[in-house]
Amino acid sequence: MNFGTSSLDFSIQAYQEGVNPPVTKPNPAFLTDITEQGMRDLFDRFYMGLFESPIKYLFPLDKEEMKKAGQFSADFFIQICGGPQYFNQSKGAPQMRKRHAPFRITPEARLHWLVTFEEALQPIINEKLSSEENIQSFWNYLNVFSQWMINSKD
Ligand code: HEM
């Protein structure tokens, strides 16, 4: 049986305090590959994963609220991948660091966030909904930009 070979690299870049490494936006083709609905499904899975994760205390306690939060996040990611400006329309300027400031985001919380995201990406990989190159560019964006969100040592 041929299980195929994957060149995807989900390694997580070590966080360096005080360093905000340069961010490259994901390939817009990731969005065209998976479609807007695919991005919404991805964020449903991701937020349901976060809801059960060791960092669930950071997020809404109510499942319906959590689902809504996931869809606002999906709005942002559709926009960052070159799609319609849904996030700007509903919430205004992204200002991601400012929006995360009320939450205590530690280096460890970032690791949980990324690992939960990697799990949510699995159906996209297994069902080959996007190319490895585009999935990699999406992961690279998460890997790098998540370092910017860290606002607490522990
Ligand atoms: C480093 C790990 C991260 C943690 C622990 C984290 C945690 C949170 C929390 C607690 C919220 C508020 C609840 C919610 O509305 O979902 C939130 C909102 C959000 N986060 Fe993160 N976040 C992280 C990284 C990121 C990154 C890297 C991005 C973007 C690339 C991002 C995008 C968003 C967006 C778009 C929202 C919604 C803001 C809004 O609706 O006003 N987050 N995040």
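The dialogue below walks through a predicted model of a single chain and its ligand.

Biologist: Where should I begin with this model, and how many helices and strands are there in the chain?

Modeller: Begin with the inventory of elements, bearing in mind that the model is predicted: there are 6 helices and 0 strands, so that from the N terminus on the elements run α-α-α-α-α-α. The C-alpha trace spans about 50 × 35 × 30 Å along its principal axes.

Biologist: What radius of gyration would a compact globule with 154 residues have, and what does the chain have?

Modeller: The general idea is to set the value of the chain against a rule for globules, and here a compact globule with 154 residues would be near 15 Å, which agrees with the 15 Å of the chain. It is also useful to look at contacts along the sequence, where, among those with a separation of 6 or more, 77% join residues 24 or more positions apart. Of the 154 residues, 22% count as buried.

Biologist: How do I check a helix such as α2, and what should its 18 residues span?

Modeller: One compares the distance between the end C-alpha atoms with the expected rise; for α2, residues 63-80, 1.5 Å a residue gives 26 Å, and the ends are 26 Å apart, so the two agree. For α5, which has 20 residues, the span from first to last C-alpha is 29 Å, close to the 28 Å expected.

Biologist: Where in α5 does a kink lie?

Modeller: The kink, of about 30°, lies at Ala-120, shortly before the proline Pro-123.

Biologist: Which residues of α2 and α5 are buried, and what covers them?

Modeller: Burial is read from the number of C-beta neighbours, with 20 or more within 10 Å counting as buried. In α2 the buried residues are Gly-70, Ala-74, Asp-75, Phe-76, Phe-77 and Ile-78, and what covers them includes α1 (28-51) and α3 (86-91). In α5 they are Ala-109, Arg-110, Trp-113, Thr-116, Phe-117, Leu-121 and Ile-124, with α1 and α6 included in the cover.

Biologist: Which residues are the closest to the ligand, and how many surround it?

Modeller: The ligand is surrounded by 20 residues, of which the closest are Ala-69, Phe-72, Phe-76, Arg-110 and Trp-113. Two or more residues come from each of α2, α4 (96-100), α5 (107-126) and α6 (132-148), and α2 gives the most, with 4 residues. Sorted by class, the shell holds 14 nonpolar, 3 polar and 3 charged residues.

Biologist: Is Ala-69 buried, exposed or partly exposed, and with which residues is Ala-69 in contact?

Modeller: Ala-69, which has its place in helix α2, counts as partly exposed because it has 17 C-beta neighbours inside 10 Å. Setting aside neighbours within four places in sequence, Ala-69 is in contact with Tyr-47, Phe-59 and Pro-60.

Biologist: Which backbone angles deserve a second look, and where does Lys-128 lie?

Modeller: A useful habit is to look for positive phi values in residues other than glycine, and Thr-35, with phi near 75°, is such a case. Thr-35 is found in helix α1 and, with 14 C-beta neighbours inside 10 Å, counts as partly exposed. Lys-128, which is not a glycine either, has a positive phi of about 50° and lies in the loop between α5 and α6; with 11 other C-beta atoms within 10 Å, Lys-128 is exposed. A glycine case is Gly-82, which follows α2 and has a positive phi near 90°.

Note on methods: Residues are numbered from 1 along each chain as its sequence is written. This is a predicted model: local features need pLDDT of at least 70, side-chain atom pairs count only at pLDDT 80 or more; totals for chains, interfaces and linings use all residues. The expected span of a helix is 1.5 Å times one less than its number of residues. A residue is buried if 20 or more other C-beta atoms lie within 10 Å of its own, exposed if 12 or fewer, and partly exposed in between; C-beta atoms are placed from the backbone. Two residues are in contact if their C-beta atoms, placed from the backbone, lie within 7 Å. A residue is near a molecule or strand if its C-beta atom, placed from the backbone, lies within 6 Å of it. Ala, Val, Leu, Ile, Met, Phe, Trp, Tyr, Cys and Pro count as nonpolar, Asp, Glu, Lys and Arg as charged, and the others, Gly among them, as polar. The bend at a residue is the angle between axes fitted to the seven residues ending there and the seven starting there. The radius of gyration is taken over C-alpha atoms; the globule rule is 2.2 Å times the number of residues to the power 0.38.
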